[in-house]
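Fancy a few warm-up exercises on reading a protein model? Have a look at the structure first, then try each task before peeking at its solution.

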Amino acid sequence: MGLFSKDITTLDDLFVHTLQDIYYAENQITKALPKMIGKATSPELKQGFEMHLKETEGQIARLERVFEMHGQKPKAVQCPAIDGIIKEANEVAGDIADKDVLDAALVASAQAVEHYEITRYGTLIAWAKQLGRDDCAAVLAETLEEEKATDIKLSKMAETKVNRQAELA
């Protein structure tokens, strides 16, 4: 079956696999955010990343709740997509000397992560509803709203401050 740890034959199998995928992704994000906090120079950006780290820890707890609600033990499966996004973010950030341009790159990288999460949570919610698991969908929807709100905050920060400062660099 390739990347999958077991054969996926039903929508329920796919739902569980995708839960495991985003569980892995969220855990990787908690490892990447402290590095991003350390690299960010804008106090507002640092604060936003710190807030999102706490939020991500809560999202992991929610995922664990969804696993349990669905009769599964929380388990992660490697997510090559998030690994690639984080790797690219580290490579780009490592190549930038100007602090204002670095902050713009960090915002863009954070948005790439957010967009990945938004797609995963949206899909999981649709599948949970299809499977008659409105309870799981409701928990996942809490996280989706947080991810969308973070994306909006990052866009505003980029458009009103970070990108302008990078342009002047």
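Here come three exercises on this predicted model, each with a worked solution.

**Exercise 1. Work out how helix α1 and helix α4 run relative to each other.**

Start with who is who: α1 covers residues 11–39 and α4 covers residues 99–130. Next, take the geometry: the two helices pack at an angle of about 160 degrees, and their axes lie 10 Å apart. Angles over 145 degrees count as roughly antiparallel, so α1 is roughly antiparallel to α4. As for handedness, the two cross in a left-handed way. Finally, sort the residues of this contact by class: 17 are nonpolar, three polar and six charged.

**Exercise 2. Check the span of α1 against its residue count, then look for a kink.**

First, the expectation: 29 residues at 1.5 Å each should give 42 Å. Now the model: the end C-alpha atoms of α1 sit 41 Å apart, so the two values agree. There's still a kink to find, of about 25 degrees at Ala-32, shortly before the proline Pro-34.

**Exercise 3. Find the aromatic pair and decide whether it is stacked or edge-to-face.**

Searching the whole structure turns up one aromatic pair. Its members are Tyr-23 and Phe-67, with ring centres 5.5 Å apart and planes at 80 degrees. Planes over 60 degrees apart count as edge-to-face, so that's what this pair is. Lastly, place the partners: Tyr-23 belongs to helix α1 and Phe-67 to helix α2, 44 residues apart, so the pair links distant parts of the chain.

Methods. Residues numbered from 1 in each chain as written. Predicted model: local features only at pLDDT ≥ 70, side-chain atom pairs only at ≥ 80, totals over all residues. Heavy atoms only, no water. Axes fitted to C-alpha atoms, helices over the stretch in contact; angles between N-to-C directions. Helix = DSSP H or I, 4+ residues; strand = E, 2+ residues; numbered from the N terminus. Parallel < 35°, antiparallel > 145°, perpendicular 65-115°, else oblique. Left-handed = near helix turned anticlockwise from the far one by under 90°. Nonpolar A, V, L, I, M, F, W, Y, C, P; charged D, E, K, R; others polar. Expected span 1.5 Å × (residues − 1). Bend = angle between axes of the 7 residues up to and from the residue. Phe/Tyr/Trp six-rings, centres within 6.5 Å; stacked < 30°, edge-to-face > 60°.
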